[in-house]
Amino acid sequence: MLEVISGFTVVWVIILVGYVTGRSKVLGDHGQPVLSRLAFFVASPALLFDTLSAADVQSVLGPQLLVAGISAFAAAGLYLLLARFILPKRDGSETVIGALSASMVNSANLGIPIAAYVLGDAALAAPVLIFQLAIYTPIYVAAMDSTTLAEARRRADAGGPSGHDAGRSPGPKRPPNRWVAFWRQVGHIAVNPMIIGSVLGLVFSATGWVLPEPIAESISLIAGASIPAMLLAFGMSLVGSKPFEKAAGRRPDVALASAIKLLVHPLLAWVVAGPLFGMEGNELLIAVVLGSLPTAQNVFVSASRYETGMVASKDTILITTIVAIPAMIAVALIFA
């Protein structure tokens, strides 16, 4: 139990330092995005390679990957079902963004640090990260392309935005041919630095290959910058955030997505991992803690790309992020 408390204390202290750094503007106006990009494109792929190359491939691609996938799809499905009754006037594309807010976890910026300092191994975040990048992302991109195209056609037939679409931008241009869009998405996934680091790490683990010592040491040193950079950038991103503004008119969306993400998603992870797959002890703890992670920042990026659901996704990310760490502490203490 002391290890769990100690791990979360480390995470919170670094986040607090990041918040103070952001408030004081020591790194200027662009410090947060620079740190985030450093972590995403350089340090985190090095960390994933460093940890996965020494990990057991079966454990990375085993039951935890299935738990992550089943629980995420179930959480998204529940949001889509409830939104039909609670939020009947929302566009399909905005509802999909809400479902993502309720089911896609922050597997990189918080998942890797939590796995490293609370669960004891950064590689434990890899199954969730691989599922979201390699499986979930292509599915939701295809869903968003088809729904936004259908909505654009309806608006064109109606002669422009009207009703609950009033004031909204016409949306992105017509998506390309489905096969073109599919292969383009495959290309994006293939060059994602997180995927590259993960795949190379798994290849080295499966084959027993070893890098020359100077290169391995260099990668290890770069990997060491990943977690501090991610947590500092995350703390800086909290400066000036004001969620739940009434004027935006998206409080019900945020409340529904946040409730599913914070309460239902961890419960679904427990049901799938425990009663369904028979996990116990530390394996069950890993599944539930990873299911308790807050909404991924990528959801807001996607909302911005498709010009829909931006307010709800941004507020859900902030609220779940603030509440999720205390919630994960409770989960960790219960299962520890």
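## From a buried serine to the surface

In this predicted model, Ser-292 sits in the loop that runs between helix H13 (281–291) and helix H14 (298–306). Although it belongs to a loop, Ser-292 counts as buried, because its relative accessibility is 3% and the cut-off for burial is under 20%. The side chain of Ser-292 reaches back to the backbone oxygen of Val-288, at 2.7 Å. When neighbours within four places in sequence are left aside, the residues in contact with Ser-292 are Lys-261, Pro-266, Ala-324, Met-328 and Val-331.

The helix that leads into this loop can be followed next. Eight of the 11 residues of H13 are buried, so the helix is largely enclosed by the rest of the structure. These buried residues are Leu-284, Leu-285, Ile-286, Ala-287, Val-288, Val-289, Leu-290 and Gly-291, and Val-288 is thus both a buried residue of H13 and the one whose backbone oxygen is reached by the side chain of Ser-292. The cover over the buried part of H13 includes helix H4 (63–86), helix H6 (111–117), helix H7 (126–158), helix H12 (251–276) and helix H15 (310–335).

Met-328, already met as a contact of Ser-292, also appears in the largest nonpolar core, which has 80 residues and in which Tyr-79, Ile-112, Ile-114, Leu-119 and Met-328 have the most contacts. Tyr-79, for its part, touches Leu-87, Thr-95, Gly-98, Ala-99, Ala-102, Asp-253, Leu-256, Ala-257 and Ile-260, with residues up to four places away in sequence not counted. Apart from the largest core lies another, of seven residues, among them Val-60, Ala-123, Ala-126 and Leu-202. In soluble globular proteins, nonpolar side chains tend to be buried together.

Some nonpolar residues are found at the surface, where Leu-38, Phe-41, Val-42 and Ile-222 make a patch of about 330 Å². Helix H2 (residues 31–52) supplies the largest share of this patch, three residues, while Ile-222 is found in helix H10 (residues 213–223). Ile-222 counts as partly exposed, because its relative accessible area is 40%.

The protein as a whole gives the setting for these details. It contains 15 helices and zero strands, and 47% of its 336 residues count as buried. Among contacts between residues at least 6 apart in sequence, 84% join residues at least 24 apart. The accessible surface comes to about 16100 Å², and 67% of that area belongs to carbon and sulfur atoms.

Key. Residues numbered from 1 in each chain as written. Predicted model: local features only at pLDDT ≥ 70, side-chain atom pairs only at ≥ 80, totals over all residues. Heavy atoms only, no water. Core = buried A, V, L, I, M, F, W, Y, C linked by side-chain atoms within 4.5 Å. Buried < 20%, exposed > 50% of the residue type's maximum accessible area, 1.4 Å probe, protein only. Contact = heavy atoms within 4.5 Å. Helix = DSSP H or I, 4+ residues; strand = E, 2+ residues; numbered from the N terminus. Polar contact = N/O pair within 3.5 Å; in protein donor to acceptor, adjacent residues only side chain to side chain. Patch = residues over 30% accessible without salt bridge, like charges linked within 9 Å, V, L, I, M, F, W, Y side chains within 5 Å. Areas by Shrake-Rupley, 256 points an atom, 1.4 Å probe, with all protein chains shown as cover. Salt bridge = Lys/Arg side-chain N within 4 Å of Asp/Glu carboxyl O.
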